[in-house]
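Colleague: Hi! I am new to this structure and would love a friendly tour. Could you show it to me first?

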Amino acid sequence: MKKFGLIGFPLGHSFSPRIHNKIYEMNNIEASYSMLEIDPARMQRNTFEELTKDFDGLNITIPFKSEILQYLNVINDEVQQIGAANCIKKVQNKWSGFNTDIYGFLYPLSRYIGNIKSCLVVGTGGAAKAVIYAILKHVKPKQLIIAGRMQEKADIIKNTSKKINESIEIITDNINAVNNNLLSMDMVVNATSIGMYPNINESILHERFKLKEGAIVYDLIYNPMETRLLQQAKLNNPGCVAINGLEMLIAQAVKAVELWTEKTISVKTTIEALDISVLKV
Ligand code: NAP
């Protein structure tokens, strides 16, 4: 019996156990999935070692995605460049770090990728860094705008991003100015927690924002399933493509289980099998 789980704080309403248990059941994987909620003030090397000693693989969430790197024995290039891991695997008593948010983010975008020439990413946290890496490496637009409430953070990400793909024009902006650029964007990504439960009336954009015809609005939030941002996008721009964070959440979980078990697992079949209604808090 393999032991997997999730480290983070707080973990209150996490959907991960339900998603993971379904993946194990569907793929005949004998495993358990535990929630390891740990106070950030208590997280040190010896706590990490004690906490993880019986585990074969773990997901890592807020606020430990960057801090975890110092306790790992091996990190791949993606994790090194993003500066964050959301999945770790124990092999011969050594921990390796991965970032499956990249795969998760790209999963619902696959059919649109060739048409995305300009992107706006709002947010400068852990998820934004993985999203920006995925965009630079795989979407490859001509232009990328990174916006945050502290433009300095966006500037730091811009500096590391230039090394990932030198041919893309990268501009930084303040979150308050993002409405000005919307009409030229093929894709707008919300990688902040603005609009997430319980603050469901908040949005990164103003009430009646207008998008380019056929533009994609991708909100990484999955609780609620339809954020204020996505509601407004559909209302004001009937031709837009609105994507929430649920497929990303499921796809990154599938990728983690693939890494841990070396099995091939279908994201599509997993999404179809999950009763999405039970994922509502
Ligand atoms: P994080 O590292 O804590 O980053 C949060 C980001 O939101 C930061 O850029 C933060 O700005 C910004 N922010 C928060 N409140 C704000 C406000 N009132 N005004 C302006 N900016 C604000 O968290 P994360 O891991 O990046 O997660 C971000 C979001 O993505 C969350 O909603 C999370 O649920 C979602 N997510 C979804 C998936 C999925 O699988 N669908 C995966 C990962 C994350 P500062 O940096 O200035 O504090």
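**Around the ligand**

Modeller: Gladly! The ligand is surrounded by 23 residues, and the closest are Thr124, Ala127, Lys153, Leu220 and Gly245. Keep in mind that this is a predicted model.

Colleague: How do the residues of the shell around the ligand divide into nonpolar, polar and charged?

Modeller: The shell holds 4 charged residues and 7 polar ones. The nonpolar residues in it number 12.

Colleague: Which residue has a polar side-chain atom 2.8 Å from an oxygen atom of the ligand?

Modeller: Let us go through the contacts with ligand oxygen atoms. Thr124 has a polar backbone atom 2.9 Å from one, and for Thr192 a polar backbone atom is 3.4 Å from one. The polar side-chain atom at 2.8 Å from a ligand oxygen belongs to Lys153.

Colleague: What share of the ligand's accessible area does the protein cover?

Modeller: On its own, the ligand has 920 Å² of accessible area. Of this, the protein covers 79%.

Colleague: Where does the ligand sit, and which elements give two or more residues to the shell around it?

Modeller: The ligand's place is the largest pocket. Two or more residues of the shell come from each of these elements: helix 5 (126-139) and helix 8 (246-261).

**Charges and backbone**

Colleague: Which residue forms a salt bridge with Lys65?

Modeller: Side chains of opposite charge can pair when their charged atoms come close. The count of salt bridges here is 10. For Lys65, the closest N and O atoms of the pair are 3.0 Å apart, within the 4 Å cut-off, and the partner is Asp101.

Colleague: How many residues apart are Lys65 and Asp101?

Modeller: Lys65 lies in the loop between strand 3 (57-60) and strand 4 (74-75), whereas Asp101 is in helix 4 (residues 101-106). The pair links distant parts of the chain, and the separation is 36 residues.

Colleague: Which proline follows Tyr197 through a cis peptide bond, and which one is joined to Asn223 in that way?

Modeller: In the loop between strand 10 (187-190) and strand 11 (216-219), the peptide bond from Tyr197 is cis, with omega near 10°, and leads to Pro198. In the loop between strand 11 and helix 7 (228-236), a cis bond with omega of about 10° joins Asn223 to Pro224.

Colleague: What is the phi of Asn93?

Modeller: Asn93 is in the loop between strand 5 (87-91) and strand 6 (94-98). Although Asn93 is not a glycine, its phi is positive, at about 70°.

Key
Residues numbered from 1 in each chain as written. Predicted model: local features only at pLDDT ≥ 70, side-chain atom pairs only at ≥ 80, totals over all residues. Heavy atoms only, no water. Near = heavy atom within 4 Å. Polar contact = N/O pair within 3.5 Å; in protein donor to acceptor, adjacent residues only side chain to side chain. Areas by Shrake-Rupley, 256 points an atom, 1.4 Å probe, with all protein chains shown as cover. 1 Å grid on protein atoms, 1.4 Å probe; cavity = no way out; pocket = protein on both sides within 12 Å on 5 of 7 lines; lining within 4 Å. Sits in = over half its atoms within 2 Å of the grid points. Helix = DSSP H or I, 4+ residues; strand = E, 2+ residues; numbered from the N terminus. Nonpolar A, V, L, I, M, F, W, Y, C, P; charged D, E, K, R; others polar. Salt bridge = Lys/Arg side-chain N within 4 Å of Asp/Glu carboxyl O.
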